[in-house]
2 protein chains.
Amino acid sequence: MVEVLRSYLAEKKVELTEEQFKLWTSRFTPKKVRKHEFLLNEGDVSKHAYFTVHGCLRMYTVDNKGKEHIMQFAPENWWLGDMESSTTHAPSVYFIDALEDSDVLVMDTDSWEKSLKEIPALAMLFQRLMQNRQTATQKRIIFSMSASAEERYLDFMKTYPNLAQRIPQHMIASYLGITPESLSRIRKQVVTKR
Amino acid sequence: MVEVLRSYLAEKKVELTEEQFKLWTSRFTPKKVRKHEFLLNEGDVSKHAYFTVHGCLRMYTVDNKGKEHIMQFAPENWWLGDMESSTTHAPSVYFIDALEDSDVLVMDTDSWEKSLKEIPALAMLFQRLMQNRQTATQKRIIFSMSASAEERYLDFMKTYPNLAQRIPQHMIASYLGITPESLSRIRKQVVTKR
DNA sequence: CGGTCTCTTGACGGAGTTCAAAGCTAGTGG
DNA sequence: CCACTAGCTTTGAACTCCGTCAAGAGACCG
């Protein structure tokens, strides 16, 4: 299954020697995850990073009013994990579970850090990905403060065109920070507008 | 002026050899910045990182409706810069200016990257700081979706207790994503509540 | 000392929430 | 393979928080 990482790296324009590739991929464990199965629970210390080969994961928190807030989706070719908990060994504030039956690749934190030290090209890739994530997260803040719920929904549709067909509406609502009822009304509006 | 970095590093529990410290600090240029003076304009490629010795900087964007949104404040002992623009050489979407007459230390991007490569302890420090920032940014998203404006104001006051006395109210409003009028009403409420 | 910037206060409106109920869909077990 | 149930989505009505617009008071700087 680790062969999918070959095309992934090619797409990201990262070139490893065959030796490096073998070393890296030997540290992954393939895992089948059932829908609704949990990979991380709030309060646990994160010890793994995940790569979605097929299916979809999500990472979310529950606020003090009991509401779920989805921080990130991880469909095919996405990485997911609570980096903070992994590096600081502090209990995570996040849950990670599967939205569909999924195939994922798992690597434990120690192997992960070893790989970054041994293979500089990987360290550079993940620094770039971290930077992109920070940029995306900042844009999300600005967008949540300046755009209406409808604008944010349309933006979500543009960013993840296929995802909206695959996952329940109320998950999108949770990601956008609105209620399922509001999203339902917005979708009606958007359809009748054209 | 670079001597302030000595106590800064001590506080962050980073130990450099005297040689490393000299090498690093020799690459900074002290700069006096007047209130309202700009260090970065939207559309420019960021070529510098800043450390506030005295005073306060801010980084903000202007959305398509013409509203300012403050991404970050940088009072004493804070780093500020558009990392994304610096690393990708893409035009920045941010403005950086001074909220008070300030003393800052400036390092250009090339020297910055060189320093991180030459001094691993620094690379580790800034990876840690980046991680903290990502965590803080994520918390801000959750908070902006789950908490009322009043709760967010009270949280801001706890996080930056001294800052609220120093900077104009409407800057805090811009950071919180509410109007100055709303913040004014919230403050009135908070005072009369006790 | 005049003007601009900042903060406050009021009235009104609108986007989104809450609560409730009724369809609809999909998964499960017989 | 069908029936049943639990979860998901839709719709309605009332409400609430916050934004907008407008006006006035105070503070600070040139």
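Two residues are counted as in contact if their C-beta atoms, placed from the backbone, lie within 7 Å. By this criterion, 100% of the interface residues of chain A are also interface residues in chain B, so the copies meet through the same surface.

The model is predicted: local features need pLDDT of at least 70, side-chain atom pairs count only at pLDDT 80 or more, and totals for chains, interfaces and linings use all residues. Residues are numbered from 1 along each chain as its sequence is written, while chains are lettered from A and ligands numbered from 1 in the order in which they are written.

**Relation and contact of the two copies**

A turn of 180° with a shift of 0.0 Å along the axis lays chain A on chain B with an RMSD of 0.0 Å, the superposition being by least squares on the C-alpha atoms of residues with pLDDT of at least 70 in both. The two copies are thus related as by a two-fold rotation axis.

The contact draws 23 residues from chain A and 23 residues from chain B. On the side of chain A that touches chain B, strand 5, helix 3 (83-88) and helix 5 (120-146) of chain A give two or more residues; helices (H or I, at least four residues) and strands (E, at least two) are DSSP runs, numbered from the N terminus. Helix 5 of chain A gives the most to this side, with 13 residues.

**The surface near DNA strand C**

There are 16 residues around DNA strand C, of which Ala149(A), Ser182(A), Pro168(B), Gln169(B) and Ser184(B) come nearest; a residue is near a strand if its C-beta atom, placed from the backbone, lies within 6 Å of it. Helix 6 (149-159) and helix 9 (180-193) of chain A, and helix 8 (169-176) and helix 9 (180-193) of chain B, each supply at least two residues of this surface. Helix 9 of chain B gives the most, with 6 residues.

The table gives both surfaces by class. Ala, Val, Leu, Ile, Met, Phe, Trp, Tyr, Cys and Pro count as nonpolar, Asp, Glu, Lys and Arg as charged, and the others, Gly among them, as polar.

| Surface | Nonpolar | Polar | Charged |
|---|---|---|---|
| Side of chain A that touches chain B | 6 residues | 11 residues | 6 residues |
| Surface near DNA strand C | 4 residues | 6 residues | 6 residues |

**Strand 4 of chain A**

Strand 4 (residues 57-62) of chain A runs antiparallel to strand 5 (residues 68-74) of chain A, joined by 6 bridges; two strands pair if DSSP finds at least two bridges between them. These strands form a hairpin with 5 residues between them, and Gly66(A) in the turn has a positive phi of about 85°. Strand 4 also pairs in the antiparallel sense with strand 7 (residues 95-98) of chain A over 4 bridges. Arg58(A) has Phe73(A) as its bridge partner in strand 5 and stands opposite Asp97(A) in strand 7.
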